[in-house]
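Let's work through a few exercises together. Keep the sequence and the 3D view side by side, and try each task before you read its solution.

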Amino acid sequence: MISAQQQLILERAQRIMEKQKVLEDESDESEFEDRPRVFKILQKWVPRASYYFDKEHYCYAGHQIIIHESIESLGAVVWPGALALCQYLESNQQEINLKDKKVLEIGAGTGLVSIVASILGAFVTATDLPEVLQNLEYNISKNTHMNVHKPEVRKLVWGENLNEDFPKATHRYDFIVATDVVYHHTALDTLLETISYLCQPGTVLLWANKFRFSTDYDFLDKVSNIFNVTQLAEFPESNVKLFKGTIKEN
């Protein structure tokens with residue numbers, strides 16, 4: 001039996017081999033307005049002649065984005081949830097208006113979602129583990145130097161030093177975003193603690209995730225106990241679901 005990490009690396013390798021197959025955006029015109037919209041992920045991959053496999057070229061909101069990644073680190077790879085959320089943010093700017101909003105990304109990884117949010121006008125704080133920050137900061141600095149609001153890159157270890165590093169009195173966010181942070185790992189409780197801490201009344205959680213394991217659905221149940229959750233969209237071909245949530249007030 002392969003491990004969760006091996007499974008993710010295999011998925012990454014398969015995506016590299018198939019990345020020239022660009023999927024066209026296709027919405028489900030359902031007669032039930034309260035049902036989540038159904039899409040295929042439009043990967044927005046821009047072909048470039050290159051001898052390297054550690055660069056990905058994307059185009060969102062009219063900007064070419066170059067992402068450095070590596071299969072040696074799970075935090076340095078663009079996963080399907082990030083592509084799904086970037087596509088949704090680009091296509092639904094009236095529904096989710098990020099201009100001049102404060103956005104914090106949990107588990108930012110390569111920084112693609114933070115970059116797109118910044119291009120769309122947000123004040124962005126991109127966070128991840130210390131070992132990921134160098135690549136994250138490089139990607140963000142290379143792709144947002146012309147943006148109105150320069151993103152901030154910060155260390156965030158789930159569940160650690162939240163009150164000291166992100167005091168609620170001075171760190172209020174309009175949106176908390178997260179993509180593919182839930183899979184078969186041991187930090188799900190501290191992840192939920194972190195999300196719950198950062199989401200104050202009025203904060204909107206946007207969470208996109210590829211559902212692979214039963215633990216993913218268990219986490220969704222736990223989130224639903226704390227947040228008012230709405231499923232905004234689903235991407236059946238990649239098993240990605242996109243949720244919006246607001247903290248329940250006592």
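**Exercise 1. Is helix H2 mostly covered or mostly open, and how many of its residues are buried?**

Solution. H2 is mostly covered, with eleven of its twelve residues buried. Buried means under 20% relative accessible area, exposed means over 50%, and partly exposed lies in between (1.4 Å probe, protein chains only). Helices (H or I, at least four residues) and strands (E, at least two) are DSSP runs, numbered from the N terminus. Among the buried residues of H2 are Pro80, Leu83, Cys86, Tyr88 and Glu90.

Before going on, a note on the model. It is predicted, so local features need pLDDT of at least 70 and side-chain atom pairs count only at pLDDT 80 or more, while totals for chains, interfaces and linings use all residues. Residues are numbered from 1 along each chain as its sequence is written, and side-chain values use heavy atoms, leaving out hydrogens and water.

**Exercise 2. What span should H2 have, and what are its end C-alpha atoms apart?**

Solution. First, take the rule: the expected span is 1.5 Å times one less than the number of residues. Next, apply it: the twelve residues of H2 should span 16 Å. Finally, compare: the end C-alpha atoms are 17 Å apart, which agrees.

**Exercise 3. Place Val78 and say whether it is buried or exposed.**

Solution. Start with the chain: Val78 is in the loop between strand S3 (63-68) and helix H2 (80-91). Then check the accessibility: Val78 has a relative accessible area of 1%, so it is buried. Now look across the fold: the C-alpha atoms of Val78 and Thr179 are 9.7 Å apart, although 101 residues separate them along the chain.

**Exercise 4. Do the same for Lys101, and find which residues it touches.**

Solution. Lys101 is in the loop between H2 and strand S4 (102-106). Its relative accessibility is 26%, so Lys101 counts as partly exposed. Leaving aside residues up to four places away in sequence, Lys101 touches Gly121, Ala122, Phe123, Asp174 and Phe175; contact means heavy atoms within 4.5 Å. For Ala122, the C-alpha distance from Lys101 is 4.9 Å, with the two positions 21 residues apart in sequence numbering.

**Exercise 5. In which sense do S2 and S3 pair, and over how many bridges?**

Solution. Strand S2 (residues 55-60) pairs with S3 in the antiparallel sense, over six bridges; two strands pair if DSSP finds at least two bridges between them. In this pairing, Tyr58 stands opposite Ile65. The two strands form a hairpin with two residues between them, and Ala61 in the turn has a positive phi of about 50°.
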